[in-house]
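Reader: I would like a close look at one part of this protein, taken slowly and with the residues named. Here is the model I have in mind.

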Amino acid sequence: MIPNITRGSRMAGLILYLASTDADKTKNAHTEPHLVAGDAAIMAWYDDGVLDKDDALAIAKHLDRPRKVFGVSVQIKDMQWDAAKKERIHVGYKDASVWHCSLSLRAEEGALTDQQWGDIANDFVDSMGFTETSGKARCRWAAINHGTSENGNHHIHIAVSLVREDGTKASTHGDYKRAQQTCRELEVKYGLEQLSTVHATRGYDRAEKATAVRDEREMHRASLARKVRACATSSATEGEFVRRARQTGMLVRPRYAKNTTDVIVGYSVAERPRHGERPIWFGGGTLATDLRLGALRQEWMDSPQLATEAAAEWNAAARNKRPVSRTGPENATPPAQAWVEYTRNATALADQLRSIPRDDHATWAKAAREVSGAFAAWSYRLEPTPGPLAATAAELSRTAQLRNPRQYSKPVALPSIAGAAMLFMAASSKNKTAAQTALMVQLINTAFAVYEMHAQSGRAREAQRIRAVVENQLAPFTATMPKAVPVGAEQEPARAAANPPRAVDIARRGMAPIRPGSVVPTTPTPATPAKTYQPNRGTGPGLDR
């Protein structure tokens with residue numbers, strides 16, 4: 001259940017909107033809006049009949065009466081965007097006595113009865129401290145059921161007057177966090193689908209979906225997120241990331257610190273628009289929580305020289321000029337041995353993840369981020385339109401996005417497979433190879449390790465989503481891959497040639513438990529210490545992290 005909180009000053013305007021059924025006056029007309037809960041007086045006056053304009057005005061007048069009787073003003077800071085300074089500034093205070101929150105279910109959950117919504121609404125406002133259970137005078141409130149939205153989400157709206165019956169003001173300090181926690185508790189109490197308190201992903205609004213359907217294309221934000229993830233994972237430095245992003249065809253622009261042109265604090269990307277259209281820009285943080293520039297920088301090498309080089313590449317991108325460096329790793333061809341080395345790393349990673357505690361969210365997020373980046377890079381190289389590789393990358397990226405990353409310790413050191421993304425991005429041909437198959441087997445092993453972590457942590461929804469995308473989309477794709485030689489089999493070519501496994505066989509075998517409570521397949525041959533490359537970052541392929 002997803003809460004969405006807003007503040008305003010016009011109770012009548014809000015209730016009229018919530019009770020409206022006129023498609024000509026509201027872009028999202030409501031079907032049979034009716035009360036499901038409210039304060040005692042509201043519920044004594046009204047039943048569950050469909051609300052009309054007169055009802056809405058009467059309800060709004062009732063809710064707003066304490067504020068008018070006591071002449072109390074509830075104010076918050078008025079922040080407005082200053083185009084010259086390129087930042088939000090405090091310009092005064094504004095009235096915000098109306099507290100509004102929608103509670104929405106995912107479309108897959110179906111609908112609840114009015115009785116269920118009423119019970120949930122009463123528990124919710126109790127927990128938020130708006131009723132007598134807080135030990136203070138109650139606030140007046142009402143909950144209105146809209147039915148199902150255009151996106152298929154069954155939901156209600158709760159309107160609360162922040163002036164209590166005795167004229168005191170209700171506190172909203174920490175209301176966003178408290179609403180999230182309350183929803184998690186109510187999900188358990190009422191048997192609803194439990195959303196993760198650990199991971200958080202960005203949703204898509206109605207306009208984005210409608211535009212994508214109209215133009216018969218993928219949503220810009222999904223496409224951009226996959227490209228940014230592929231470029232970020234395959235890059236060793238920030239400058240390399242900027243160049244790779246531009247090579248994919250994305251428009252890239254930096255966000256500078258105030259009064260500077262060499263201190264970059266953020267970025268935006270856009271798909272190259274069609275003729276006559278304007279680009280639609282998205283900030284890194286709006287693509288995914290782990291694609292903010294600050295989060296990406298934690299994975300790249302850093303030094304004063306590299307920072308200067310990155311600033312030069314950002315400035316070139318902002319001015320639509322050619323990249324400053326023409327000899328970066330993104331233009332080099334990695335040696336064939338690199339496929340073996342990163343396949344070994346992926347084998348070791350999948351094996352070591354089994355010993356990582358389920359509550360070490362930072363480490364699991366890092367592993368999921370790298371594997372997702374590898375699939376994203378491969379999708380960019382092989383899929384003209386989003387397919388199973390893109391779907392796998394998107395599903396694993398959910399685990400890479402932590403709701404509150406700062407509250408977790410740093411991830412433990414594990415074998416890095418970030419270079420696998422670089423290999424896929426550098427592939428000179430779109431033809432599938434046996435080397436790709438071998439690496440894919442181990443990437444699937446790692447995906448299963450992430451699946452197992454969610455399953456054993458009780459996050460059934462996350463586990464099922466990963467399992468579904470691997471079984472239904474990725475497994476059929478592996479059937480088209482060439483036969484693979486297991487890691488280590490290069491030392492026994494005769495035996496390997498006699499019985500080479502296929503990626504699809506290993507992928508499907510991975511779904512069968514190999515030990516109680518486990519779904520992670522064993523690897524064909526135990527990982528052995530791999531010789532690592534130490535290339536010159538200025539000219540080499542940049543294989544290591």
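How do H8 and H11 lie to each other, roughly parallel or roughly perpendicular?

Author: Bearing in mind that this is a predicted model, one can begin with the geometry of the pair: helix H8, which covers residues 238-247, and helix H11, which covers residues 304-318, pack at an angle of about 25°, and their axes are 7 Å apart. Angles under 35 degrees count as roughly parallel, and H8 and H11 are therefore roughly parallel to each other. The crossing in which H8 passes H11 is left-handed. On the H8 side the contact is made by Glu238, Gly239, Phe241, Val242, Arg243 and Arg246, while H11 contributes Ala310, Glu313, Trp314, Ala316 and Ala317. Sorted by character, the residues of this contact comprise six nonpolar, one polar and four charged.

As for the surroundings, the protein chain has 545 residues, of which 51% count as buried, and its secondary structure comes to 19 helices and ten strands. Among the contacts in the chain with a separation of 6 or more, 69% are accounted for by residues 24 or more positions apart, and the packing of H8 (residues 238-247) with H11 (residues 304-318) can be read against that background.

Another helix of the chain, H14 (residues 388-400), spans 19 Å from its first C-alpha to its last, close to the expected 18 Å. Ten of its 13 residues are buried, so H14 is largely enclosed by the rest of the structure, and what covers these buried residues includes helices H7, H13, H16 and H17.

Note on methods
Residues are numbered from 1 along each chain as its sequence is written. This is a predicted model: local features need pLDDT of at least 70, side-chain atom pairs count only at pLDDT 80 or more; totals for chains, interfaces and linings use all residues. Side-chain values use heavy atoms; hydrogens and water are left out. Axes are lines fitted to C-alpha atoms, for helices over the stretch in contact, and angles run from 0 to 180 degrees between N-to-C directions. Helices (H or I, at least four residues) and strands (E, at least two) are DSSP runs, numbered from the N terminus. Angles under 35 degrees count as roughly parallel, over 145 as roughly antiparallel, 65 to 115 as roughly perpendicular and the rest as oblique. A crossing is left-handed if the near helix is turned anticlockwise from the far one by less than a right angle, and right-handed if clockwise. Contact means heavy atoms within 4.5 Å. Ala, Val, Leu, Ile, Met, Phe, Trp, Tyr, Cys and Pro count as nonpolar, Asp, Glu, Lys and Arg as charged, and the others, Gly among them, as polar. The expected span of a helix is 1.5 Å times one less than its number of residues. Buried means under 20% relative accessible area, exposed over 50%, partly exposed in between (1.4 Å probe, protein chains only).
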